[in-house]
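This report is meant for someone meeting the structure below for the first time. It moves through a few local features in turn, beginning with charged side chains and ending with the backbone.

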Amino acid sequence: MNENLFASFITPMILGLPLVTLIVLFPSLLFPTSNRLVNNRFVTLQQWMLQLVSKQMMSIHNPKGQTWTLMLMSLILFIGSTNLLGLLPHSFTPTTQLSMNLGMAIPLWAGAVITGFRNKTKTSLAHFLPQGTPTPLIPMLVIIETISLFIQPMALAVRLTANITAGHLLIHLIGGATLALMSISATTALITFIILILLTILEFAVAMIQAYVFTLLVSLYLHDNT
Amino acid sequence: MLSRVVLSAAAAAAPSLKNAALLGPGVLQATRIFHTGQPSLAPVPPLPEHGGKVRFGLIPEEFFQFLYPKTGVTASCELQRKILKGPYVLGTGLILYLLSKEIYVITPETFSAISTIGFLVYIVKKYGASVGEFADKLNEQKIAQLEEVKQASIKQIQDAIDMEKSQQALVQKRHYLFDVQRNNIAMALEVTYRERLHRVYREVKNRLDYHISVQNMMRQKEQEHMINWVEKRVVQSISAQQEKETIAKCIADLKLLAKKAQAQPELGRQ
């Protein structure tokens with residue numbers, strides 16, 4: 001089934017048709033909408049969780065920043081659900097593709113920065129120079145801050161890609177190690193299997209944390225700029 | 001859409017119908033049934049209480065029932081008759097077939113699958129019930145909040161009704177108030193009447209007293225005047241001669257009396 005280590009990362013096609021579209025759209029099926037007051041447990045839990053996250057994340061913003069709530073909440077739900085679904089066997093995770101993460105990170109970051117530049121030009125430009133720098137250092141510091149600003153979208157995208165990809169690779173490798181060790185010595189294979197279980201737990205945590213971190217950073221960029 | 005084709009064909013066949021063809025689609029749309037009756041969004045149809053029963057969390061119970069007529073049961077006694085073993089044998093055979101023919105290859109992915117699925121099953125078995133109860137509690141809280149609002153509203157209205165009833169009861173007793181007021185007014189009128197009567201009496205008495213005192217004064221004045229006149233006449237009538245004689249007599253009398261007076265104290269001391 002899997003020829004090499006990286007086979008699980010190729011874009012899934014079926015008979016030449018891109019299956020990846022369906023895979024990207026699939027998590028939205030897992031979040032049903034409901035018009036009822038009292039729902040089933042699934043929807044109730046989702047609504048409760050969404051309310052918790054949105055309150056915790058959007059309370060720091062002013063009303064102008066809070067207009068981004070829908071965007072940020074859908075972002076965290078999408079990244080979290082795609083990451084978690086990717087942990088199932090033989091599944092494809094869209095967030096392992098750098099192209100996709102760049103497509104998420106660059107527009108969001110650019111939106112936040114451009115909003116800041118349009119509405120609060122002075123404050124946005126002032127972010128290039130932290131308070132209390134000695135005068136001779138100013139030119140260099142401005143250059144450094146500019147670089148750090150432009151690296152933000154790259155960092156966002158690459159962070160997410162690298163974390164998820166690395167996790168998947170590790171799981172694959174340790175699974176392979178367990179498979180190879182099964183015929184040699186069963187006890188070592190068991191130890192490796194335990195390591196695999198621990199890693200799985202870690203990966204579940206990482207999946208959710210990465211979603212959170214991504215959204216948090218975007219919200220932070222937004223907070224600076226509104 | 002086909003109807004439009006039909007209508008245009010009809011228009012081509014009979015040019016006189018062309019004008020009607022312009023109205024055709026509109027007529028067609030008008031006869032299509034939209035929004036008849038009220039939208040039935042409420043009352044919302046109730047949700048089923050429990051989901052469908054499944055085995056292994058994946059295979060619905062109906063599958064086992066479906067295979068019962070075909071596979072029967074391997075039961076040796078009455079109690080075990082209820083256990084449907086057909087699908088289990090099918091499942092086992094299917095898995096072994098896939099493995100032995102290497103249709104399902106054991107890869108590193110298999111181990112990650114075992115660990116992931118095992119982890120998930122463990123989580124669900126351990127925390128499933130408590131999470132479900134938490135969700136139920138959330139819903140109950142929501143309903144309890146609304147119920148509280150409803151109860152508060154009902155209580156408020158009930159209090160208003162009770163107050164209204166007590167007000168009505170009070171209104172029934174209002175005639176006492178009016179009786180008392182009526183009595184008060186009657187008494188006040190009576191008092192005023194008596195007061196006026198008394199004043200009349202006083203005024204009349206004043207005038208009569210005045211007449212009386214005028215009469216008295218007149219009489220007194222007349223008496224004094226008469227006395228003065230008489231005295232004056234008497235004094236006038238006393239001539240000078242008589243006056244001298246009278247004075248001499250008085251002096252003689254006084255001397256006599258003085259002697260008598262002197263003589264008497266001596267007698268008294270003795």
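## Charged pairs along the helices

B:Glu190 has a relative accessible area of 39% and is therefore partly exposed. The model in which this residue sits is a predicted one. B:Glu190 takes part in a salt bridge with B:Arg194, in which N and O are 3.3 Å apart, and its partner B:Arg194 is exposed, with a relative accessible area of 55%. The two residues are four apart in helix 6 of chain B, which spans residues 174-237, so that about one helical turn separates them.

Over all chains, the structure holds eight salt bridges, and two others among them lie in helix 5 of chain B. B:Glu147 and B:Lys150 are three residues apart in that helix, again with about one helical turn between them, while B:Asp159 and B:Lys155 are four residues apart, which is also about one turn. The table sets out these three salt bridges, with the distance between the closest N and O atoms and the relative accessible area of each residue.

| Salt bridge | N to O distance | Relative accessible areas |
|---|---|---|
| B:Glu190 and B:Arg194 | 3.3 Å | B:Glu190 39%, B:Arg194 55% |
| B:Glu147 and B:Lys150 | 3.8 Å | B:Glu147 35%, B:Lys150 46% |
| B:Asp159 and B:Lys155 | 3.2 Å | B:Asp159 39%, B:Lys155 52% |

In terms of exposure, B:Glu147 counts as partly exposed, as does B:Lys150. B:Asp159 is likewise partly exposed, whereas B:Lys155 counts as exposed.

## Aromatic pairs

A pair of aromatic rings is described by the distance of the centres and the angle of the planes. A search of the whole structure gives six aromatic pairs over all chains. One of them is formed by A:Phe193 and B:Phe111, whose rings are 6.3 Å apart from centre to centre, with 70 degrees between the planes, an edge-to-face arrangement. This pair crosses between chains, since A:Phe193 belongs to helix 8 of chain A (residues 186-225) and B:Phe111 to helix 5 of chain B (residues 108-172). Are these two rings buried or exposed? A:Phe193 counts as buried because its relative accessibility is 17%, and B:Phe111 is buried as well, with a relative accessible area of 8%.

Another pair lies within chain B, where the ring centres of B:Phe63 and B:Phe64 are 6.2 Å apart and the planes stand at 80 degrees, so this pair too is edge-to-face. The surroundings of its two members contrast, as B:Phe63 counts as partly exposed at 32% relative accessibility, while B:Phe64 counts as buried at 2%. Ring pairs join both of these residues with B:Tyr88 into a cluster.

## A nonpolar patch on chain B

Two members of that cluster, B:Phe63 and B:Tyr88, also belong to a nonpolar patch on the surface. The patch further includes B:Phe56, B:Leu58, B:Ile59, B:Phe66, B:Val89 and B:Leu90, and its residues together have about 860 Å² of accessible area. Helix 3 (61-71) and helix 4 (86-100) of chain B are the elements that each give two or more residues to the patch, with helix 4 giving the largest share, three residues. B:Phe66 is located in helix 3 of chain B and counts as exposed, at 58% relative accessibility.

## The largest pocket

Rolling a probe the size of a water molecule over the atoms shows where empty space is left. The largest pocket has a volume of about 1900 Å³. Its lining is made up of 42 residues, and those that lie nearest its centre are A:Phe42, A:Gln46, A:Met49, A:Leu84 and A:Met208. Two or more lining residues come from each of helix 2 (41-58), helix 4 (69-86) and helix 8 of chain A, and from helix 5 of chain B. Helix 4 of chain A provides the largest share of this lining, 11 residues.

## Two backbone angles

Most residues other than glycine have a negative phi, and most peptide bonds are trans. A:His90, although not a glycine, has a positive phi of about 60 degrees. A:His90 is found in the loop between helix 4 and helix 5 (98-119) of chain A, where it is partly exposed, with a relative accessible area of 42%. In chain B, B:Glu102 has a positive phi of about 55 degrees and is not a glycine either. B:Glu102 lies in the loop between helix 4 and helix 5 of its chain, and at 51% relative accessibility it counts as exposed.

Conventions. Residues numbered from 1 in each chain as written. Chains lettered and ligands numbered in written order. Heavy atoms only, no water. Phe/Tyr/Trp six-rings, centres within 6.5 Å; stacked < 30°, edge-to-face > 60°. Buried < 20%, exposed > 50% of the residue type's maximum accessible area, 1.4 Å probe, protein only. Patch = residues over 30% accessible without salt bridge, like charges linked within 9 Å, V, L, I, M, F, W, Y side chains within 5 Å. Areas by Shrake-Rupley, 256 points an atom, 1.4 Å probe, with all protein chains shown as cover. Salt bridge = Lys/Arg side-chain N within 4 Å of Asp/Glu carboxyl O. 1 Å grid on protein atoms, 1.4 Å probe; cavity = no way out; pocket = protein on both sides within 12 Å on 5 of 7 lines; lining within 4 Å. Points joined across faces, edges and corners; volume = space filled by probe spheres on them.
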